[in-house]
Amino acid sequence: MGKISGIVFFLLASLRLSLALHMPSLISNSRRQFFLLKAKEPQEEEMESSTTEDWRAFRARLVEKGLTTTITASSVRPPSTTVTVSDEEAKKKTPKNMLNILNESPKCDPQNLELARQQSAALGQELEESWAHEIGYPEVGGLLLRLPLEMQLVVAANTYWGKKLRAFAETEKKREEQNAPPPMLLEEEEDDDDENAATLGMTYLNDVLLYRVAGRFLKQELDRIAQKGTIDSSGRLVVDPRSLSDPDKALLDMRQQYLESWQEVILIVEHDPKIGCRGVTLNRPAASRADQRLSTALAQALSADEIVKEQNLSNKKIIDASSFDSAFGQRIAAYVGCPDRSKVMNQKSQAMLIHGIADLENARELSPGLGIFRGGLTDAIQRVKNKQNDPFDFRFFLGSYEWGPGEIEKHIAHGVYKPVACSRAIALKQCIALPQPMWHEIADMLGGSIKEVSRLELMKRNDSSASS
């Protein structure tokens, strides 16, 4: 009996060894057979019917529940600044107002939502379930939020000015510890929890603290640069570039670029790491009524759109300015797609039609299953004339941002933009006379430090309005 047991044991051990040696190929073969079998089952058709937008919504729910995905902002931030805020000890030491910011479910601004309902009942209903969250890289159908210059320095920790900011903050901290009378790091709503949260070193608090310090730092540096200039006969400050160091020139360039793109929200319409990225600014309305000049400019610019060229229609006179004006002359949603305002009325500039209508003839989806479409103007004109669609079902953009391979990723790493995933309704809704500016609405939906920065940015705007 013992001999038989020994033989059985030896056979089992040999079988285990054989399985271990051949397991990868066995698993691979079984997987191939499994997928072949599944392809014949009717359930596969149901799986294929799910869209990109469904996946993005599912991912948004994961993010809202606090689950980490592979597409977080940590991929573009230094690892040392990435801190999890889910443990109970952190929550106990976090100021109550910050916990509220983190725990609130992202929702559209109620006044903006009511306006959207008035413009489109269907889109308004869709916006009730809308979502937005931060991601680590740009994606088609997603957004780029232009960050304040202060936050640009906060994110770009390893750049020249990012390091200078942190040295400035360290100096302020040491002065404070020595009981000198410097400006306080926390200017408002201070309590015992603030000090505990700051020492805890959580990313979202560090970002807000550094953002506040960056305001003082930038004022100091810009005042220093201004002292090198002179006042001309018209009362303007003129600074000779030859008197500036390269870092000072770079800071002035950063500031000028920020002023030109202040609080822009950009929809990404194309992205390919090998080719580059293209986007249009959603929150720079140009007109809600079209005169003959604008109708002519849009009609001619849309004729040059790449979508039209791909359909071999570019040599045909498919868009007539008078026909366009008869459909959209009294009610139109036209936007400046890029910051170069000189291109808006330039008949050689390109334009783009964006909408959410799947069966519009000659329209193309930005990405399969996304639910956001581009092109199809001829059918759009006919539908508006026949009252099948409202003019505000369509968004027209003159000009667009274009970045080469790797450029937008570099901008994100340097804190120029924050990449955001959002439901398609956010990208499709009109941004004309919004009660709450779109930039602030999305920042509030994101929560965390950017929501607090949004509040502080609004305070700056209110202070500027009061003083002017």
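# A tour from helix α16 outward

Begin at helix α16, whose buried residues pack against α13 (292–303), α15 (321–328), β9 (351–355) and β12 (394–398). The model on screen is predicted. Select residues 377–385 to show α16; its buried residues are Leu 377, Asp 379, Ala 380, Ile 381, Arg 383 and Val 384.

**Whole chain**

Zoom out for a moment. The protein chain has 20 helices and 14 strands. Of its 468 residues, 44% count as buried. Its accessible surface comes to about 25400 Å², and 53% of that belongs to carbon and sulfur atoms. Take the contacts between residues at least 6 apart in sequence: 75% of them join residues at least 24 apart.

**Two helices beside α16**

Select α13 and α15 together, both of which the buried residues of α16 pack against. Two packed helices are described by the angle between their axes and the distance between the axes. For α13 and α15 the angle is about 115° and the axes are 9 Å apart. The crossing of α13 past α15 is right-handed. To see the contact, show side chains: from α13, Gln 292, Ser 295, Thr 296, Leu 298, Ala 299 and Leu 302 meet Ala 321, Phe 324 and Asp 325 of α15. Of the residues in this contact, five are nonpolar, three polar and one charged.

**The mixed sheet**

Next, select the strands β7, β8, β12, β9, β11 and β10. They form an open sheet of six strands in the order β7-β8-β12-β9-β11-β10, with mixed pairing. At the edges are β7 (285–287) and β10 (364–365), each of which pairs on one side only. Strands of a sheet pair through backbone hydrogen bonds, either parallel or antiparallel.

Both senses can be seen at β12. On one side, β9 and β12 run antiparallel and are joined by five bridges. Ile 354 stands opposite Arg 395 in β12, and Ala 351 stands opposite Leu 398. Strand β8 (residues 334–336) runs parallel to β12, with three bridges between them. Here Tyr 335 stands opposite Phe 397 in β12.

How many of the five residues of β12 are buried? Five of the five are, so β12 is largely enclosed by the rest of the structure. In a regular strand the side chains alternate between the two faces of the sheet. Colour β12 by face: Phe 394, Phe 396 and Leu 398 are on one side, Arg 395 and Phe 397 are on the other, and all are buried.

**The loop before β12**

Step back along the chain to Lys 387, in the loop between α16 and β12. Most residues other than glycine have a negative phi, and most peptide bonds are trans. Lys 387, just after α16, takes a positive phi of about 60°. Is Lys 387 buried or exposed? Its relative accessibility is 73%, so Lys 387 counts as exposed, the cut-off for exposed being over 50%.

**The antiparallel sheet**

Now select β1, β14, β2, β5, β6 and β13. These six strands form an open sheet in the order β1-β14-β2-β5-β6-β13, and the pairing is antiparallel. The edge strands, each pairing on one side only, are β1 (132–134) and β13 (401–403). Neighbouring strands of this sheet are turned by 35° against each other on average, direction ignored.

At the β13 edge, look for strand β6 (residues 276–281), which pairs with β13 in the antiparallel sense over three bridges. Cys 277 stands opposite Trp 403 in β13.

**Helix α19 and the loop before it**

Add residues 438–446, helix α19, to the selection. Helix α19 lies across β1, β2 (143–146), β5 (265–272) and β14 (417–422), and runs at about 105° to β2.

In the loop between α18 (424–428) and α19, select Ala 433. Ala 433 is not a glycine, yet its phi is positive, about 55°. With 69% relative accessibility, Ala 433 counts as exposed.

**Last stop: Lys 107**

Finish at Lys 107, placed in the loop between α5 (96–103) and α6 (110–119). Lys 107 counts as exposed because its relative accessibility is 60%. Draw a C-alpha to C-alpha distance from Lys 107 to Leu 127: the two are 20 residues apart in sequence and 8.6 Å apart in space.

Key. Residues are numbered from 1 along each chain as its sequence is written. This is a predicted model: local features need pLDDT of at least 70, side-chain atom pairs count only at pLDDT 80 or more; totals for chains, interfaces and linings use all residues. Side-chain values use heavy atoms; hydrogens and water are left out. Buried means under 20% relative accessible area, exposed over 50%, partly exposed in between (1.4 Å probe, protein chains only). Helices (H or I, at least four residues) and strands (E, at least two) are DSSP runs, numbered from the N terminus. Contact means heavy atoms within 4.5 Å. Accessible areas come from the Shrake-Rupley method with a 1.4 Å probe; for residues, only the protein chains shown count as cover. Axes are lines fitted to C-alpha atoms, for helices over the stretch in contact, and angles run from 0 to 180 degrees between N-to-C directions. A crossing is left-handed if the near helix is turned anticlockwise from the far one by less than a right angle, and right-handed if clockwise. Ala, Val, Leu, Ile, Met, Phe, Trp, Tyr, Cys and Pro count as nonpolar, Asp, Glu, Lys and Arg as charged, and the others, Gly among them, as polar. Two strands pair if DSSP finds at least two bridges between them.
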